[in-house]
2 protein chains.
Amino acid sequence: MSEIRLSTNPYKGTRDFYPTDMRLRNWFFGKIRSTLLASCFDEYGGPMLESLDLYIAKSGEELAGEQTYNFEDRGHRRMAIRPEMTPTVARMVAGKIGELNFPLRWFSIPNMYRCENPQRGRLREFWQVNVDIFGCDTYEADLETIVSAVRLLTAFGADSSMFTVHISNRRFFNDVVSSIADTDIEGCRKISKIIDKRKKIPREVYENELKALSMTDEQIATLDSLYTATVEQATALCPDSVGSAELLHLFEMLKKIGLSDYCCFDFGIIRGLDYYTGTVFEVFDNAPENNRAMFGGGRYDNLVGLFVKNAKVSGVGYGMGDVTLENFLFTHNLVPAELCEKKVLITRFADVPYEAYMSVSDKLYALGVTASVYLGVKKFGKQIDYAAKENYSHVIIMGGDELAANSVKIKNLATREEKTVALDTLTADDFN
Amino acid sequence: MSEIRLSTNPYKGTRDFYPTDMRLRNWFFGKIRSTLLASCFDEYGGPMLESLDLYIAKSGEELAGEQTYNFEDRGHRRMAIRPEMTPTVARMVAGKIGELNFPLRWFSIPNMYRCENPQRGRLREFWQVNVDIFGCDTYEADLETIVSAVRLLTAFGADSSMFTVHISNRRFFNDVVSSIADTDIEGCRKISKIIDKRKKIPREVYENELKALSMTDEQIATLDSLYTATVEQATALCPDSVGSAELLHLFEMLKKIGLSDYCCFDFGIIRGLDYYTGTVFEVFDNAPENNRAMFGGGRYDNLVGLFVKNAKVSGVGYGMGDVTLENFLFTHNLVPAELCEKKVLITRFADVPYEAYMSVSDKLYALGVTASVYLGVKKFGKQIDYAAKENYSHVIIMGGDELAANSVKIKNLATREEKTVALDTLTADDFN
């Protein structure tokens with residue numbers, strides 16, 4: 001063996017999940033899964049590798065090549081590790097478009113890779129909850145998608161003081177901006193890029209860029225008024241727009257189903273308008289120290305176009321990263337102190353044969369009690385130390401006397417209470 | 001957009017998991033997870049990408065390069081998509097060797113990639129259940145590892161007629177083969193390679209290869225006798241071997257804890273002896289049409305050597321692929337016909353406002369009943385068709401009359417029974 005030792009660090013931007021980390025992840029993915037299943041969303045999955053062409057077709061050669069880990073396989077196919085799930089799910093929907101029973105309510109929790117420098121909240125390997133409704137062209141899908149996002153967060157105990165769904169509409173955006181700036185759809189697109197980055201650039205740069213697109217001070221001031229406008233005020237600027245009608249109806253429905261406290265209109269929500277075609281939204285963390293968009297989504301109209309000619313399947317959905325969710329849960333103290341279930345360590349004494357302990361272990365397994373026999377023959381005190389460090393809730397003590405009496409002592413490590421129970425009468429309740 | 005349409009097929013050797021496939025996977029991984037957790041195994045996880053050096057250090061430049069998907073990242077690091085989990089877990093254990101509370105009982109269910117031509121039971125992307133006990137040098141870990149493998153399969157309803165754990169021991173192998181063939185450890189290694197492939201080569205080739213290693217006809221006959229020997233007969237050939245003592249003790253313990261029916265001695269179990277150092281085992285499917293090793297594992301002594309100097313951590317464990325398990329479950333009819341849970345479709349009528357249906361949906365969500373409102377406004381018959389195709393167990397019918405009476409009709413789609421229930425008194429039991 002070589003004398004050079006390998007590094008024990010995980011690859012930059014990726015994480016090791018030791019049991020404590022994994023328990024946290026399993027806890028929150030478990031909650032997400034059960035919440036979505038309870039709302040009749042079906043889980044799907046797809047491969048980690050896809051043809052690079054899928055991402056090129058969606059995002060262009062340059063972006064796809066830059067943002068993905070990609071390589072040639074031995075058959076000279078250009079493959080990429082998936083950086084997002086939408087192209088995969090689009091391929092899957094297109095592949096069975098004649099068999100699937102639309103509308104679909106689908107979700108997935110895949111791991112994926114982005115080739116970028118890691119920073120707070122953005123890693124190279126991450127998991128992303130993807131929730132979509134496919135094949136429903138009417139407002140119900142928009143509404144249900146928002147409902148599912150609210151349910152996901154409230155399932156963890158979050159309330160409307162902790163997060164807000166900021167909502168806008170792409171059709172409305174185009175109509176109101178073309179009316180204010182007296183421009184066409186291409187002009188709207190250019191303005192949207194400036195609006196999208198406005199919080200990251202100085203006000204002066206923002207204004208100059210808008211002026212370079214021939215906007216006047218007055219027009220810029222009207223645009224400004226939209227950032228703080230209510231949905232009624234905003235849509236009044238453009239009363240005949242289909243987007244205005246969609247927005248007003250969505251907010252009316254949100255009110256009727258009791259979600260007003262969780263939602264607000266926000267003209268500044270852009271989300272790469274080239275892709276979305278109707279409702280767009282972002283879910284914000286309301287904590288002052290963490291105030292920013294956690295995740296978002298919206299409606300897009302042509303999911304399967306790259307695969308199937310003359311077929312249209314619309315989608316409304318969102319993607320939520322695991323790192324963002326974890327930050328949110330910790331910020332708002334929504335992670336329980338103890339994620340371990342009740343579990344029992346069966347301690348050992350040298351004068352009792354191992355098979356007697358294994359028999360207790362089998363008995364507990366049959367009763368549905370999580371348990372294991374201590375592996376090894378260390379002193380009793382060391383075994384108790386092991387149990388405490390590994391978060392065992394109870395220990396079983398069976399020395400020669402207990403074995404002879406066909407009984408065990410059960411010790412609750414939290415309360416330090418001990419009791420002796422006959423093995424024949426042992427039940428799961430003995431470990432409460 | 002280009003006129004060229006992309007393929008809807010997944011990459012060769014990988015799979016799409018549509019909801020029906022995913023339910024199956026979630027069902028069997030869920031059972032595996034809960035069975036292992038019930039035996040106090042802790043789940044861990046690691047990144048999909050690792051330094052290629054990890055696999056080179058374990059398997060050599062050629063094998064690692066050939067079997068993995070690997071590429072250079074932008075920092076000129078040679079990365080590989082993991083083809084197995086052992087190097088990752090070795091790195092993780094080495095990285096926290098001073099903090100971890102040994103012995104560890106760990107498991108993981110990662111996806112991984114192997115660069116090879118797909119064939120029955122072997123795909124390019126697969127999932128593998130990895131179960132290991134680290135840091136226990138005595139027989140208990142071997143025993144518990146075998147117990148966990150038996151529990152995994154019996155949790156699905158498998159019994160001893162369906163599978164058998166074939167067990168051997170590397171120390172015993174070396175001792176008995178060096179005694180029979182009068183050779184050294186390197187000679188044993190060469191003979192092990194021939195034994196390992198004996199079922200895939202003609203008898204004549206097998207004999208000629210052994211003779212090329214200077215084995216006589218008589219020695220080959222003695223070797224032959226071992227393939228059908230009981231553990232007592234086999235160990236009698238080599239009574240002073242530590243491996244013999246280990247094997248006899250392990251089988252004695254298996255008998256004492258009631259696992260004899262699940263286990264047998266099998267001298268032919270090799271599993272790349274270069275890596276394993278004690279107990280080795282393979283779990284066989286007993287079905288005549290599928291009779292072969294499903295998965296296996298064993299004891300190895302130096303897990304962290306590549307990472308930490310002068311530290312030794314032993315391991316006993318096994319890895320089980322998802323495709324193999326799935327084949328086994330289907331072969332023995334262990335997959336339930338229906339994996340869907342109870343779920344309710346709330347059908348819609350045009351004269352009832354949508355928010356009234358959403359309110360029923362919220363009520364059911366609060367009651368813990370899986371439910372969703374039909375998305376769209378198709379005729380009632382179409383909605384029922386949708387419910388049937390998507391495996392809904394019940395539908396709720398609320399027309400104008402029911403709305404006025406503040407009640408709903410519940411229809412059980414399997415029994416076709418209908419009942420009317422006041423909304424205020426609705427409970428989860430109404431959907432039994």
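This is a short tour of one strand in chain A and of the contact between chains A and B. Keep in mind as you click along that the model is predicted.

**Stop 1: strand 10 of chain A**

Start by selecting residues 279–285 of chain A, which make up strand 10. Are they buried or exposed? Seven of the seven are buried, so the strand is largely enclosed by the rest of the structure. Try colouring its two faces: A:Thr279, A:Phe281, A:Val283 and A:Asp285 lie on one side, while A:Val280, A:Glu282 and A:Phe284 lie on the other. Both faces are covered.

**Stop 2: its partner strands**

Next, add residues 163–169 of chain A, which form strand 8. Strands 8 and 10 run antiparallel and are joined by seven bridges. Zoom in on A:Thr164 to find it opposite A:Phe284.

Now show strand 11 of chain A, residues 292–300. Strand 11 also runs antiparallel to strand 10, with six bridges between them. Follow the chain from strand 10 to strand 11 and you pass through a hairpin of six residues. Here A:Asp285 stands opposite A:Arg292.

**Stop 3: where the chains meet**

Bring chain B into view. How many residues does each chain bring to the contact? Chain A gives 102 and chain B gives 102. About 8,500 Å² is buried between them, 58% of it from carbon and sulfur atoms.

Twelve salt bridges are counted between the two chains. To see one, select A:Arg23 and B:Asp42, whose closest N and O atoms are 3.3 Å apart.

Finish with helix 1 of chain B, residues 19–38. This helix supplies eight residues, the largest share of the side of chain B that touches chain A. That side divides into 54 nonpolar, 20 polar and 28 charged residues.

Note on methods
Residues numbered from 1 in each chain as written. Chains lettered and ligands numbered in written order. Predicted model: local features only at pLDDT ≥ 70, side-chain atom pairs only at ≥ 80, totals over all residues. Heavy atoms only, no water. Buried < 20%, exposed > 50% of the residue type's maximum accessible area, 1.4 Å probe, protein only. Helix = DSSP H or I, 4+ residues; strand = E, 2+ residues; numbered from the N terminus. Pairing = 2+ DSSP bridges. Contact = heavy atoms within 4.5 Å. Buried area = accessible area lost by both parts, 1.4 Å probe. Salt bridge = Lys/Arg side-chain N within 4 Å of Asp/Glu carboxyl O. Nonpolar A, V, L, I, M, F, W, Y, C, P; charged D, E, K, R; others polar.
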